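Open the model in your viewer and keep the selection panel at hand. The stops below say what to select next and what is there.

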Amino acid sequence: MPAIAPSTGPDATTTDWDREQTGVIRAEVTARLLVDAGPGTGKTAVACARVAWLIDHAELEPNSIWLVSFTQTAVHELRSRIGSYLTNPNEAAGIRIATIDAHSWAIQSGFNHDVTMSGSYEDNIKKVIELIENHDGVFGYLSQVKHLLVDEAQDVVGARVQLMLELINALPREAGVTVLSDEAQGIYGFAEDQPAAAAANGTLPENIRRFMANDFTEMELLKIYRTGDPTLQKVFSSGRALLRNKTETEEKKLQGIRDLIQQANHGLLDAYGDDLKNLPDDLGNSFLLFRRRGEALQASGYLGMRPHRLRMSGLPPMIHAWICLMFWNWIDSEITESVFRERWLQKKIQCNVTVDEGWSILVRLVGESQTRISVRKLAQRLANGSPPIDLCMPDFGFEGPLIGTIHGAKGREADQVRLYMPAPSAFGQGINANNILAEARILFVGASRARKQLLVSKAATLAHPRRLMPSGRAYTPFPFSDKKSLARSMVEIGRINDIDAPGLSGKSFFSSSQDVTAAQARIAGMSGNHRGYGEGDRVRTKSDVRDWRPRGP
């Protein structure tokens, strides 16, 4: 077996894996493993090395290996790193790496030609499950899978749990399965800008223990590689131990996590607004993390034109600039390699992708042959709600510190993390007191993104961010403005589907003129009554009470 080095750890050049990591990486091809791995223990590195061992040592074909993760972030991380672990990096292109939803859509669209994206999310999942259970073609398709690796399994909840259980059950008995998780970091049973709600029917690891315990061997990764800093190691180890302690109450766990982060850090920051106005210039790729999307968007507004990136749900995909430059005025249905290379030179494209790499990506995704690609298929894939990761930027923006929610930073890490913790008074104002354990996990995930430095502040805003239903649009009302007769609101724009082909073609989003009037009334209601804020109460209508959530996102 070729030497495979972890990409995380105090010494990135080491070729040594610890005993627990080696046990996972070199387990038998047919082994079914449930691996518990805390933050910084090299989970992603081990996942990549496991796949490399299966290809280079066990001689599995790359296309017989499926990698599944809950988030696009984790999928992007796996795809970008896995080639460096292989003897032949080009074999990484054959591995099927995607989110659960992408894999399920591939099954549904491949074996049901009448399939559409209509219906509820649960209905679509149910259709895939029915195909797995009853369709002979799907059964034959799954029989080609020799190994399934599931990453971030603690975040697989709800309908996805049943889907993954059915998928595992439908695999050949000789197919191996590796499931990696850390239930102390399970935060996706609830939204990043909504009160936390208990995950229905438990997580995937919990259900594996419940229904498939005899088939799986449980293992654990113990040593922390993300950081050698003793303060951060205390946060990682003590925080995880507290969250896994079954004798402590949820209230004590949340308070314990808050106390730990407040005490074990590298400095307390100024209040929210003052800190953002006085950010140092050398932040590089630092993370500025918030509990709610509205807070992160406010922070972006504070920074104004200063370069920074955004990461949170609801943002549209950001397509690589070289794709836009190459194809914005191309009208033919295909393009040849020679013309592609000529246009690349003519447009003087300069980016971190070479012309060879760009062409290779397109051939793999929409190639008709090695020398010709389908621009029509490329347009279709770009128009999809989730374009291929190879065609997208990992963040919304090009450079500077990353501003986002803790949810958005899950699975990522940075040298410096500036964590803006909600004040205790935030409970009842968008932070849910009914699922306190979930809130404790969120804070732990935010703090454990740091490699070298953790700085802590309060997410003290001028007004609590709110959320319009059902669009999910974040807005923050500022009831006191420079002019007493005029109130202001910071409103999120640019969400997915804000501007899309149906909208541009004139599709109506209102069923009647009365709905239009009601929507306008809600917007007008933000400006207060004629006396202005400070002199009277805001005019509120029944539609305000029905559609707004004035005490939380």
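**Stop 1: a strand covered on both faces**

Select strand β7, residues 287-290. Both of its faces are covered: F287 and L289 are buried on one side, L288 and F290 on the other. Buried means under 20% relative accessible area, exposed over 50%, and partly exposed in between, with a 1.4 Å probe and protein chains only. Strands (E, at least two residues) and helices (H or I, at least four) are DSSP runs, numbered from the N terminus.

The model is predicted: local features need pLDDT of at least 70, side-chain atom pairs count only at pLDDT 80 or more, and totals for chains, interfaces and linings use all residues. Residues are numbered from 1 along each chain as its sequence is written, and side-chain values use heavy atoms, with hydrogens and water left out.

**Stop 2: the partners of β7**

Add strand β12, residues 402-405. Four bridges join β12 to β7, and the two run parallel. Two strands pair if DSSP finds at least two bridges between them. Pick F290 and look for its bridge partner in β12, T405. For L288, the partner in β12 is I403.

Now add strand β13, residues 414-421. Four bridges join β13 to β7, again in parallel. Here the bridge partner of L288 is R418. L288 therefore has a bridge partner in β12, I403, and one in β13, R418.

Next, show strand β8, residues 309-311. Three bridges join β8 to β12, and they run parallel. L310 has I403 as its bridge partner in β12.

**Stop 3: the six-stranded open sheet**

Which strands make up the open sheet, and in what order? Select six of them, in the order β3-β2-β4-β5-β1-β6, with parallel pairing. The edge strands are β3 (96-99) and β6 (217-221), each pairing on one side only. From one strand to the next, the twist averages 15°. Axes are lines fitted to C-alpha atoms, for helices over the stretch in contact, and angles run from 0 to 180 degrees between N-to-C directions.

Zoom in on β4 (residues 147-150) and β5 (residues 176-181). Four bridges join this parallel pair. H147 has G176 as its bridge partner in β5.

Add helix α7, residues 159-170. α7 lies across β1 (32-37), β2 (65-69), β4 and β5, running at about 160° to β4. Then add helix α8, residues 204-211. α8 packs on the sheet, touching β1, β4, β5 and β6, and its direction makes about 140° with that of β1. Contact means heavy atoms within 4.5 Å.

**Stop 4: the largest cavity**

How many cavities of 30 Å³ or more are there? The count comes to two. On a 1 Å grid over the protein atoms alone, a cavity is a set of points where a 1.4 Å probe fits but cannot get out; lining residues have an atom within 4 Å of a point. Grid points are joined across faces, edges and corners, and a volume is the space filled by probe spheres set on the points.

The largest cavity holds about 60 Å³ of space. Select its lining: W66, V68, I100, H103, S104, I107, I132, L163, M164 and L167. The elements giving two or more residues to this lining are β2, α4 (100-111) and α7. α4 gives the most, with four residues. By class, the lining has eight nonpolar, two polar and no charged residues. Ala, Val, Leu, Ile, Met, Phe, Trp, Tyr, Cys and Pro count as nonpolar, Asp, Glu, Lys and Arg as charged, and the others, Gly among them, as polar.

**Stop 5: three single residues**

Select A450 in strand β14, residues 450-458. A450 is buried, with a relative accessible area of 0%. A450 touches R226, L232, F236, A414 and V417, not counting residues up to four places away in sequence. The C-alpha atoms of A450 and T227 are separated by 7.9 Å, although the two are 223 residues apart along the chain.

Most residues other than glycine have a negative phi. Now select two with a positive phi. E152, in the loop between β4 and α7, has a phi of about 55°. K348, in the loop between α14 (337-346) and α15 (355-366), has a phi of about 50°. Buried or exposed? E152 counts as buried, at 8% relative accessibility, whereas K348 is exposed, at 67%.

**Last stop: the whole chain**

Zoom out to 20 helices and 17 strands. Of the 553 residues, 50% count as buried.

Notes
On a 1 Å grid over the protein atoms alone, a cavity is a set of points where a 1.4 Å probe fits but cannot get out, and a pocket is an open set with protein on both sides within 12 Å along at least five of seven lines; lining residues have an atom within 4 Å of a point.
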